[in-house]
Amino acid sequence: MLNLRLYMLQRISALLMAPLVLGHLAVMIYAIQGGLSAAEILGRTQGSALWFMFYGTFVIAAAIHGAIGLRAIAHEWGGLNGVLLDGFMWFTGLGLFAFGGRAVWAVTFA
């Protein structure tokens, strides 16, 4: 039952990430073609709750998706099982969330 839940959670996170990736790419293309500097981009994102929610959602979805995917790889290729496998997944997911969350916080509120 756990494997089915993780499978579904990974698929749902992928569905959530698809429009976020397209939105991110559109913003990056706009910024590059507009000739915006890093300082100008940060000036537009500082203090914006909208950008915080957009990229915060992206980080949460990516952390979940990546941790579950790496769990499958660790099981199939690394032979991890049981508590060690679950611990690896949680460690990876929380690490991805922490690094991504720190970046989102720095870009929007720091």
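Let me start with D86: at 24% relative accessibility, this residue counts as partly exposed. Please keep in mind that we are looking at a predicted model.

Who is the partner of D86? D86 forms a salt bridge with R71, and their closest N and O atoms are 3.1 Å apart. The two residues come from distant parts of the chain, with R71 in helix 3 and D86 in helix 4, and their positions lie 15 residues apart in the numbering. R71 has a relative accessibility of 12%, so this arginine counts as buried, because the cut-off for buried is under 20%. D86, at 24%, counts as partly exposed instead. And how many salt bridges does the count come to? The count is one.

Now let's move to the largest pocket. Its volume is about 350 Å³. There is a general idea behind such a search: a probe the size of a water molecule is rolled over the atoms, and this shows where empty space is left. Here, 17 residues line the largest pocket. If you want to find its centre on the screen, look for V27, M28, I41, T45 and Y55, which lie nearest to it.

Which helices supply the lining? Helix 1 (2–33), helix 2 (38–45), helix 3 (49–76) and helix 4 (82–108) each give at least two residues to it. As for chemistry, the lining of the largest pocket has 12 nonpolar residues, four polar ones and one charged one.

Next, the outside. M1, L4, Y7, M8 and I12 make a nonpolar surface patch of about 560 Å². Take M8 as one of these: this methionine lies in helix 1. With a relative accessible area of 41%, M8 is partly exposed. That value lets M8 qualify for a patch, because patch residues need over 30% relative accessible area.

Let me stay with helix 1 for a moment, since L2 is found there too. L2 is partly exposed, at a relative accessible area of 44%. How far is L2 from V21 in space? The C-alpha atoms of L2 and V21 are 28 Å apart, and the two residues are 19 apart in sequence.

Here are two other pairs to click on. T57 sits in helix 3 and is partly exposed, with a relative accessible area of 31%. Between the C-alpha atoms of T57 and S13 there are 9.9 Å, while along the chain these residues are 44 apart.

The other pair starts in helix 2, where we find R44. R44 counts as partly exposed, at 48% relative accessibility. From R44 to T108 the C-alpha distance is 8.9 Å, and the separation in sequence is 64 residues.

So if you would like places to start when you turn the model yourselves, try the R71 and D86 salt bridge, the 17 residues lining the largest pocket, and the nonpolar patch that includes M8. Thanks, everyone, and I'm happy to go back to any of these views.

Key. Residues numbered from 1 in each chain as written. Predicted model: local features only at pLDDT ≥ 70, side-chain atom pairs only at ≥ 80, totals over all residues. Heavy atoms only, no water. 1 Å grid on protein atoms, 1.4 Å probe; cavity = no way out; pocket = protein on both sides within 12 Å on 5 of 7 lines; lining within 4 Å. Points joined across faces, edges and corners; volume = space filled by probe spheres on them. Helix = DSSP H or I, 4+ residues; strand = E, 2+ residues; numbered from the N terminus. Nonpolar A, V, L, I, M, F, W, Y, C, P; charged D, E, K, R; others polar. Salt bridge = Lys/Arg side-chain N within 4 Å of Asp/Glu carboxyl O. Buried < 20%, exposed > 50% of the residue type's maximum accessible area, 1.4 Å probe, protein only. Patch = residues over 30% accessible without salt bridge, like charges linked within 9 Å, V, L, I, M, F, W, Y side chains within 5 Å. Areas by Shrake-Rupley, 256 points an atom, 1.4 Å probe, with all protein chains shown as cover.
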